[in-house]
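Biologist: Before we discuss this model, I would like each label that you attach to it to be justified by a value and a cut-off. Could we go through them one at a time?

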Amino acid sequence: MRLLGIETSCDETAAAVVAGQGAGADRILSNIVLSQADAHLAFGGVVPEIAARAHVDALDAVIAAALKEAGTALDDLDAIAATAGPGLMGGLIVGLTTAKALALASGKPLIAVNHLEGHALTARLTDDLDFPYLLLLVSGGHSQIVVVDGVSRYRLLGTTIDDAAGEAFDKTAKMLGLGYPGGPKVEAAASTGNPTRFALPRPMVGRPQPDFSFAGLKTALRLAAEEASPLSGQNVADICASFQAAVTDCIADRLSVSLDILQAEGIRPTALVAAGGVAANEMIRTRLSNIAEGRGLRLVVPPLNLCGDNAAMIAWAGLERCRLGLFDGLDVGPQARWPLTELEPGQ
Ligand code: KG4
Ligand code: ZN
């Protein structure tokens, strides 16, 4: 089995070819990701209209490059998968419409993939994990703790009541003038900072329901920045380190509560899995590793290039759906909002 995947839900124009045979990431025959970060840099965040136009400009060439690198012709494909949501509507339309045109022209079936399912199933692409596993999904748009029971079968244990974790990193970077995307910039600045210099809050920590909240951190951070102003390099480093430590503490606490809930239910996950751009953060990865070790659980964190947005995860989720015969009609529409828990088999 061989699938083309297309991802255009945010600011990465991506296409990939993934095969059913082989093991782990060797199944990825090509994985082209063209970041638009430079186009959005001046605005400190993704501008939807700019993103949609950039997808239009780049997508054909990115798909051609992915097929070429994989040595695959359209005719060799078993299906064509594209992100249908959630995400920015303009980009979703570009990717999904392109996938429909390719499906129509080649006579191959179409699979409309939920972007979050792409992140959620990446651990099966890389590590052939069995269900159920506990997933921490932390990206620019989402912070969720999910029990993954199967393809299309997700149980949400916790989510953010305001900002997403990645959004908090991005806002911190913007406030400190570090640029976009903020996660890697904040992490780099934090590496020379003192994480105990500023006493930032740990929102939601200790609550029995494993939800997140990051909006309060933003205010505390602004006050810390005002207090430390003028902001020397060391002050910025200390703020970033204190912020990163706070987010890491929140994530660790929320995951521990989630694991307690599963234990009380008598459910033993096959692994603790992290996904989404924020899972690229080294401090967070280390803390997850401690939690997993403390519970005797396997930890699976995809390699950096598969943590952030990419099309290999979309092709793989498509392949998993293809195996189950979950195809979509050409009338399937994009959905800006599409929670994992509202995934219908075959939708
Ligand atoms: O999954 P992703 O690539 O796109 C979304 O679907 O949102 O995640 C992007 C998010 C951004 O908010 C970015 O700042 C954050 O992930 N991020 C990080 C790191 N690398 C990316 N956050 C913290 N530390 C990092 N190293
Ligand atoms: Zn994502």
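Biologist: Why is His119 called buried?

Modeller: In this predicted model, His119 has a relative accessibility of 1%, and since buried means under 20%, His119 counts as buried.

Biologist: What makes His119 a ligand of the zinc ion (ligand 2), and which other residues coordinate that ion?

Modeller: The zinc ion (ligand 2) is coordinated by NE2 of His115, NE2 of His119 and OD of Asp309, at 2.1 to 2.2 Å, and a donor has to lie within 2.8 Å of the metal, so these atoms qualify. Along the chain the donors follow the spacing H-x3-H-x189-D. His119 sits in helix H4 (residues 115-127), while Asp309 lies in the loop between helix H10 (304-307) and H11, so that the pair, 190 residues apart, links distant parts of the chain.

Biologist: Why is the site of the zinc ion (ligand 2) called irregular?

Modeller: The angles among its four donor atoms run from 90 to 156°. A tetrahedral label would require all angles to lie between 85 and 135 degrees, and the upper value of 156° falls outside that range, so tetrahedral is excluded; the site is classed as irregular.

Biologist: How do you know that the count of disulfides is zero?

Modeller: A disulfide requires a pair of cysteine sulfur atoms within 2.5 Å, and by this rule the count comes to zero. Two cysteines illustrate the reasoning. The sulfur of Cys240 is 16 Å from the closest cysteine sulfur, which belongs to Cys250, and this is too far for a bond. The sulfur of Cys307 is likewise 16 Å from the closest cysteine sulfur, that of Cys10, and again this is too far. Cys240 counts as buried at 0% relative accessibility, and Cys307 is buried with a relative accessible area of 0%.

Biologist: What makes H11 largely enclosed by the rest of the structure?

Modeller: Eleven of the twelve residues of H11 are buried, so the helix is largely enclosed; among them are Met313, Ile314, Trp316, Leu319, Glu320 and Arg321. H11 also supplies eight residues to the largest nonpolar core, the largest share of that core. This core has 64 residues, of which Leu4, Ile6, Val18, Ile63, Leu135, Tyr154 and Val273 touch the most other members. Leaving aside neighbours within four places in sequence, Ile6 is in contact with several residues, including Leu59, Ile63, Leu102 and Ile314.

Biologist: How do you know that the span of H11 is close to what is expected?

Modeller: H11 (residues 312-323) reaches 16 Å from its first C-alpha to its last, against 16 Å expected at 1.5 Å a residue. H11 is followed by Gly325, whose phi is positive, near 70°. For helix H3 (residues 89-106), with 18 residues, the reach is 25 Å and the expected value 26 Å, which is also close. Just after H3, Gly107 takes a positive phi of about 70°.

Biologist: What covers the buried residues of H3?

Modeller: The cover includes strand S1 (2-7), helix H2 (48-69), strand S4 (79-85) and strand S5 (110-114), and the buried residues of H3 include Leu92, Val94, Leu96 and Leu102.

Biologist: Finally, why is His40 called buried?

Modeller: His40, in helix H1 (residues 37-41), has 0% relative accessibility and therefore counts as buried, the cut-off being under 20%. Neighbours within four places in sequence aside, His40 is in contact with Asp11, Gly45, Val46, Val47, Ile50 and Ala51.

How values were computed:
Residues numbered from 1 in each chain as written. Chains lettered and ligands numbered in written order. Predicted model: local features only at pLDDT ≥ 70, side-chain atom pairs only at ≥ 80, totals over all residues. Heavy atoms only, no water. Helix = DSSP H or I, 4+ residues; strand = E, 2+ residues; numbered from the N terminus. Expected span 1.5 Å × (residues − 1). Buried < 20%, exposed > 50% of the residue type's maximum accessible area, 1.4 Å probe, protein only. Core = buried A, V, L, I, M, F, W, Y, C linked by side-chain atoms within 4.5 Å. Contact = heavy atoms within 4.5 Å. Donors = N, O, S within 2.8 Å, 3.2 Å for Na, K, Ca; no water. Tetrahedral: all angles 85-135°; square planar, octahedral: opposite > 155°, others 65-115°.
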